[in-house]
Amino acid sequence: MVTIALAGNPNAGKTTLFNALTGDNQFVGNWPGVTVERREGGWREDPSVRFVDLPGVYSLSPDTPEEVVTRRFLVEQRPDALLNLVDGTNLERNLYLTTQLLELGIPMVVAVNRADLLERRGQKLNRDLLSRRLGCPVVVLSAARGTGVAEAAQAAAAAARRGEPVKPAPLFPPRARRALEDVEILASDHLPAAGRAWYLVKLFEGDQAVDQALGVRLALRQRLEVVIAACERDLEDDREEIIAAGRYAFAGTLARRCLTRGQGGQSLSQRLDRLLLHRVLALPLLAVILLGMFWVSICLVGGWAEGASQTLWQGSWTFLGREHLGVVPLLAYGLEKLSCAPWLTALLVDGVAAGVGAVLVFLPQLAALFLCLTFLEGCGYLSRGAYLLDRGVRRFGLSGKSVVPYVLSCGCGVPGILACRTIRRTSCRRLTAMTATFLPCGAKLPVIALVAGTVIPGGWWVAPLAYLVGVAAALLSSWLLSGSPWFPREDVPFWMELPDYRLPPLGELLRGTGQRLGAFLRKAGSLLLLASVAVWFAASFGWEQGGFGDLSGGALSGSLLAGVGRYLAPLFAPLGWGDWRLVVAACSGLLAKESIVSTLGVLCPGGLAGLSLTVPAALSFLLFNLLCVPCLAALAALRQEMASPRHFWFAVAYQTALAWLTAFGVYQVGTLLLRL
């Protein structure tokens, strides 16, 4: 088995290339940080060749989670070959990482991506010169179009089978090279043969992780410091700057010599950025784009689709003079014809179909929301949003990169939390992960629609209010907690690549939307099904006339569920909804937020309208479920990203307390205003 690692900068096209080579269907977002952990797959043309898609990084310094994953795999596991994907439209910046990969001594092939864009700009790449200066094979490809992909894979496989390590080109000034030679002499007993050049540079930079890995003791480090300090004095610069300057000088000179500049004017991305990044118009346009996304999914699509979905699932309609039953009535009719036992009919109709169906009727709105999110990712606008909002969110202790997790959380909290890995500051990353789920995800959309459509007359404003409350809760919580002992401030400059705009292919849009919608449906087919069955059982069985069994006549008041709900009801009575059915529904949201609606579908066939909720109580119920702890899947992701049990449990306690206090305030103030 031959292992080839795909390495390169964020947004260089590694995941697109990985999909083309392995047949994987990972969605490709046009913004940095899509791949946050390594993925593996066999080459479709030769299963004996295995490709590993590593997270995109700008260097091999362990400053971010992506860099740690990539560096650990390359240094410790040492694949048979490296396929370094380089963005041809940003050749100079991408070659900086290439110089570090060459020092690892692993057989390597450099693949220059986006050849189609270079051709469109009238630029030409001198591939032979680039190959001679780097000392390794160079191929040109377009991962998006699939051209040159097979050639790159074949070249990498051939390099792996030859097993000839790459000899890095001299990058640094003569004085720095002499210092590196002295370091090599002093640490010769500690330097391994594999990756010797890379370890040598890291010893010069004073990388503590490398010191520990090589067993460099204090006495040797002190001798090394004498050599390095002399070099710093002679060159009047810091050791890391000396190394970085050498890399940038080499990469810049090589890029200018190998790539001829086109004669055209501004590119399409530059012309669009003149408008979308305008000093005055940028933020209003961003607000219009995001609000438009929610309006399309919730109001436009939801306005005509909700009634049709309800009819198809739970009602009946007339077509060509004949009446046709919806899914639930048709299921009940079929079970009756089959003479099924009453308990089985009740389970399938009142438990499974009514519970899961109460959520599935909102699929059109979810599909529209996921399609809009996929388009924003694919076209490259998400990075612009992060750039535009960086200055504003920094006042709240966040980073511009926090915008991406917040936007993704509008689709699902799990990818939103995982996207926090692109944030370099530890406290900011934890703070963003903790507050990202305040924004309503797709699973909370049915709850919003239920409250707006059944309790509040003309409640079109409920959905925008829910998103505004989510944003306000996230920003105010970040402002309150940033700088505290839990989340100390760290001054790290904001840096994010702005990729070229592109029109996402239809297949990519459908695949990205389908993956998100498929994850929702899988949850509906597993967690929601389990929750609906459990709720039906607990609502249908209990103690009656001194014994436990099936409750006659559907007497919910004596059920197991009613007992649990009544026990917890005093905690929620100050919020305006002490009815045990609402309490149970809210608690079921811990399993999956969609199950709030499915639980109410089982317990309250008439919906919230039959519970006589006031508008303040309905808003209180909605806001509590929007702000409290997310579902179990999101909690698992949060636990992983926090990387600290102490911070994780603080986040859970804070989210619960904030939800209760917000709901309490809304209900109490709203009730007071209604009495005036």
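This report describes a predicted model of one protein chain, from its overall make-up to selected strands, helices and salt bridges.

## The chain as a whole

The protein chain has 676 residues, and 54% of them count as buried. Its secondary structure comes to 30 helices and 12 strands. Among contacts between residues at least 6 apart in sequence, 72% join residues at least 24 apart.

The accessible surface of the chain is about 29,900 Å², and carbon and sulfur atoms account for 61% of that area. One nonpolar patch on the surface, of about 270 Å², is made by L275, V280 and L281. L275 sits in helix α12, which covers residues 268–276. With a relative accessible area of 45%, L275 is partly exposed.

## Strand β4 and its neighbours

Strand β4 spans residues 81–87, and 7 of its 7 residues are buried. The cover extends to both faces: A81, L83, L85 and D87 are buried on one side, and L82, N84 and V86 on the other.

Two strands that pair with β4 are β1 and β5. Strand β1, residues 2–8, runs parallel to β4 and is joined to it by 5 bridges. Within this pairing, L6 has L83 of β4 as its bridge partner. Strand β5, residues 108–113, also pairs with β4 in the parallel sense, over 6 bridges. Here L82 is matched with M108 of β5. Between β4 and β5 the chain passes through helix α3, residues 91–102, and this β-α-β crossover is right-handed.

## Helix α1

Helix α1 covers residues 14–22 and is mostly covered, with 7 of its 9 residues buried. The buried ones are K14, T15, L17, F18, N19, L21 and T22. Their cover includes strands β1, β2 (39–42), β3 (49–53) and β4, together with helix α6 (149–162). Just after α1, G23 takes a positive phi of about 80 degrees.

## Salt bridges

Side chains of opposite charge can pair when their charged atoms come close. The count of salt bridges in this model comes to 17.

One of them joins D53 and K14, whose closest N and O atoms are 3.7 Å apart. The two residues are 39 apart in the chain, with D53 in strand β3 and K14 in helix α1, so the pair links distant parts of the chain. Which side of the buried cut-off does each partner fall on? Buried means under 20% relative accessible area. D53 has a value of 0% and is therefore buried, and K14 counts as buried because its value is 6%.

A second pair is E151 and R127, with the closest N and O atoms 3.4 Å apart. It too links distant parts of the chain: E151 lies in helix α6 and R127 in helix α5 (residues 127–134), 24 residues apart. Both partners are partly exposed, E151 at 36% relative accessible area and R127 at 32%.

## A network in helix α10

R221 forms a salt bridge with E225, the closest N and O atoms being 3.1 Å apart. Both residues lie in helix α10 (residues 218–235), and their spacing of 4 residues is about one turn of the helix. R221 counts as buried at 12% relative accessibility, whereas E225 counts as partly exposed at 26%. Through salt bridges that share partners, D211, R221, E225, E232 and R239 are joined into one network.

Conventions
Residues are numbered from 1 along each chain as its sequence is written. This is a predicted model: local features need pLDDT of at least 70, side-chain atom pairs count only at pLDDT 80 or more; totals for chains, interfaces and linings use all residues. Side-chain values use heavy atoms; hydrogens and water are left out. Buried means under 20% relative accessible area, exposed over 50%, partly exposed in between (1.4 Å probe, protein chains only). Two strands pair if DSSP finds at least two bridges between them. A crossover is right-handed if, with the strands pointing away from the viewer, the path from the first strand over the helix to the second runs clockwise. Contact means heavy atoms within 4.5 Å. Accessible areas come from the Shrake-Rupley method with a 1.4 Å probe; for residues, only the protein chains shown count as cover. Patches are made of residues with over 30% relative accessible area and no salt bridge: like charges are joined within 9 Å, nonpolar side chains (Val, Leu, Ile, Met, Phe, Trp, Tyr) within 5 Å. A salt bridge is a side-chain nitrogen of Lys or Arg within 4 Å of a carboxyl oxygen of Asp or Glu.
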